[in-house]
Amino acid sequence: MAMEAAIVATMPAFQHLKRITFTPPYLLKLQKLQRFHSLASLSPNFTQEDPQRQRLEQEQQNQLTNNNTTSRSSSSTSYFPKRGQTLELVCESLAFKGKGVCKVAETGFVAMCDRALPGERFIGRVTRRKGSYAEVTKVETITPHWDLVDAPCEYAPYCGGCKTQNLSYESQLRAKEQQVRELTIHVGKFSDKVPEFCSIMKPIVPCDIQFHYRNKMEFSFGSKKWLPKELLGEKQVGNEKYALGLHAPGFFDKVLNVDKCLLQSEPANMVLAAIQDCWRDSQFGLTPYDVHSHTGFLKHLMLRTGRNVETGLLELMVNFVTSSYKPELLEPLVEKISAIPEVVSIMNNVNTSVGNTSVGEEEYTLYGKSTITEILRGLTFQISANSFFQTNTRQACEAEVLYKLIEDCAGLRGDGSQIVLDLFCGTGTIGLTLARRAKHVYGYEVVPQAISDAHRNAKLNRISNATFVQGDLNKIDESFGNNFPKPDIVISDPNRPGMHMKLIKFLIKLKAPRIVYVSCNPATCARDLDYLCHGVVCEREKYRRMLKLKSLQPVDMFPHTPHIECICLLELSDPCS
């Protein structure tokens, strides 16, 4: 679960558009600082001139020049700090990806700091200058932040996952809701001055449990253990340098050793502890994969938690990702963890490439069965080692939150007359839950294994009115819409980069009465909503506004992390409006 260290989001390379880098002028007002951060994170690639965006860019540059001149003339302190310089900062809010938006009190200069929380006054050291703002590392806290709580996890100060564990959950929710609101206004270009904005922007839905909610965790084996500064002087020899845990933030080759994670289930923690207890034993001859020398055997450990359909009890899948197929080396670990009652499947994915992926070219069953099961809105789903499945099952299924909201937005009449187009369908979870009330569901997904799982899940639940097709939605052509009837409802659930411009143009031209956009990245979601609802000009062709945003519902699926889920409902508006 390596977390991203960069602030700037990676966007899909849209064709026929021109790259514009937005220069933020909002150095003196916090609310506009958040706008700056969102725009800086969302510069798409453009190859065709866009006069409206160029005018905005010029206005921002002019305002920046005026603000900088005023600020420098009113203070003797260096306005633009240098790398290595220490500053006294105050964190005023959380921005996208959980970084703190901070200001230098004397000058108003903006700095972004990881693990800085609202209200915290601290000393920070400048690590990088990026245009008109800086990135800093926290050196010393002067005054703690608002709503301080004790983080129950011992790894919280170092792990890249739970960045806000020492912030009260109520404050986390407020920060996430504010982020979505700011991105919707400043990136999506939806005005908060119009009366209907309040009815469109819904309050965030909280998660009813804040720990042990993840049904999948991926840990890495590493030949270099990451240590905090206070322990760097300790000598480590031989196998003591080995680690099994999570990648340290900012390091692809160093792993923070973890004995338990409070986000996964207790049986999963039992498995992790059992493996940690013995895998370094030299008699077993197990070695972690070295990303520099490309030698070693153990790459990743993936733990997935499901439920037995008949008993409702937890069941666990353990997946070892290795650089080669040598089952005899894994025998001691298999024997030890198979004694844990919840373990019903032990898999071995073999990945011979030098990349860091956990998906293998070959898969072997070392113990038990090759899949585990989960129940979602009355349907049974089989989950294989490499299946995509909603990570927080309780919030999505048991608590009837995420998937019920999607079903409500879809608004199926239930008379079996409507066509559903399920884009980025994964293993078919959304489409299959809607199939009972639809005439037919057509699902598209690029991952072949996911499509195979979708077919199996449809058969398992005796659903015959669902068709799943393997295909890359970033590479659709003019004939794409000929492969299915015109849909009444479109479900789009893209990954973090959002939708490609080809797909956005297709959806605008499709004129489906209703689109439900499910997003795991509110930044790219806001960008795509702008295109879908306000139109886009490219290739000398204008794709006019046809869709209207009716509601935007943030959902907290991952407490203590910066991740936010959003469910957006768009409806076909009057073409003449």
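With which residue does Asp 408 form a salt bridge, and how far apart are the closest N and O atoms? The legends below take up this pair and several other sites in a predicted model.

**View 1. Asp 408 and Lys 404 form a salt bridge in helix H8.** The partner of Asp 408 is Lys 404, and the closest N and O atoms of this salt bridge are 3.1 Å apart. Because the two residues stand four places apart in helix H8, which covers residues 402–410, about one helical turn separates them. Asp 408 counts as partly exposed, at 47% relative accessibility, and Lys 404 is likewise partly exposed, with a relative accessible area of 35%.

**View 2. Arg 456 and Asp 453 form a salt bridge in helix H10.** In this pair the closest N and O atoms lie 2.7 Å apart. Arg 456 and Asp 453 are three residues apart in helix H10 (residues 448–460), so that the separation between them is about one helical turn. Arg 456 is partly exposed at 27% relative accessibility, whereas Asp 453 is buried, with a relative accessible area of 0%. Elsewhere, Arg 128, Lys 130 and Glu 135 are joined into one network by salt bridges that share partners.

**View 3. A salt bridge between Glu 315 and Lys 369 links distant parts of the chain.** The side chains of Glu 315 and Lys 369 meet with an N to O distance of 3.4 Å. Glu 315 belongs to strand E10 (residues 314–322), while Lys 369 sits in the loop between strand E12 (362–368) and strand E13 (372–376), and the two residues are 54 residues apart. Glu 315 is buried, its relative accessible area being 2%, but Lys 369 is partly exposed, with a relative accessible area of 36%. The structure as a whole holds 19 salt bridges.

**View 4. Arg 115 is buried but has no salt bridge.** This residue lies in the loop that runs between strand E3 (110–113) and strand E4 (121–130). The nearest side chain of opposite charge belongs to Asp 114 and is 4.9 Å away; because a salt bridge requires a side-chain nitrogen of Lys or Arg within 4 Å of a carboxyl oxygen of Asp or Glu, Arg 115 and Asp 114 are not counted as such a pair. A polar atom of the Arg 115 side chain does, however, lie 2.9 Å from the backbone oxygen of Ala 156. Residues up to four places away in sequence being left out, Arg 115 touches Glu 120, Lys 138, Ala 156, Pro 157, Tyr 158, Cys 159, Gly 160, Cys 162 and Lys 163.

**View 5. Cys 520 is listed by UniProt for "active site".** The listing comes from an unreviewed entry. In the model, Cys 520 is found in the loop between strand E19 (514–519) and helix H12 (522–534). With a relative accessible area of 22%, Cys 520 is partly exposed, because the buried class is reserved for values under 20%. Apart from residues up to four places away in sequence, Cys 520 touches Pro 494, Asn 495, Arg 496, Ile 564 and Glu 565.

**View 6. Glu 445 and Asp 493 are among the positions that UniProt places under "binding site".** The unreviewed entry gives Gln 390, Phe 424, Glu 445 and Asp 493 for this feature. Glu 445 has its place in strand E16 (residues 440–445) and counts as buried at 12% relative accessibility. The side chain of Glu 445 reaches the backbone nitrogen of Val 447 at 3.3 Å. When neighbours within four places in sequence are set aside, Glu 445 is in contact with Phe 424, Cys 425, Gly 426, Ala 450, Ile 451, Val 469, Gln 470 and Gly 471. Asp 493 is placed in the loop between strand E18 (489–492) and helix H11 (501–510), and on the same basis its contacts are Leu 423, Phe 424, Ile 430 and Val 518. Phe 424, itself one of the listed positions, thus appears among the contacts of Glu 445 and of Asp 493.

**View 7. The protein chain comprises 12 helices and 23 strands.** Of its 577 residues, 56% are buried. Among contacts with a separation of 6 or more, 67% involve residues 24 or more positions apart. The chain exposes about 24700 Å², of which carbon and sulfur atoms supply 50%.

How values were computed:
Residues are numbered from 1 along each chain as its sequence is written. This is a predicted model: local features need pLDDT of at least 70, side-chain atom pairs count only at pLDDT 80 or more; totals for chains, interfaces and linings use all residues. Side-chain values use heavy atoms; hydrogens and water are left out. Buried means under 20% relative accessible area, exposed over 50%, partly exposed in between (1.4 Å probe, protein chains only). Lys and Arg count as positive and Asp and Glu as negative; His and the chain ends are not counted. A polar contact is a pair of N or O atoms within 3.5 Å; within protein, one must be able to donate a hydrogen and the other to accept it, and residues adjacent in sequence count only if both atoms are side-chain atoms. Contact means heavy atoms within 4.5 Å. UniProt positions are given in the numbering used here, feature names are shortened, and annotations may be inferred rather than shown by experiment. Accessible areas come from the Shrake-Rupley method with a 1.4 Å probe; for residues, only the protein chains shown count as cover.
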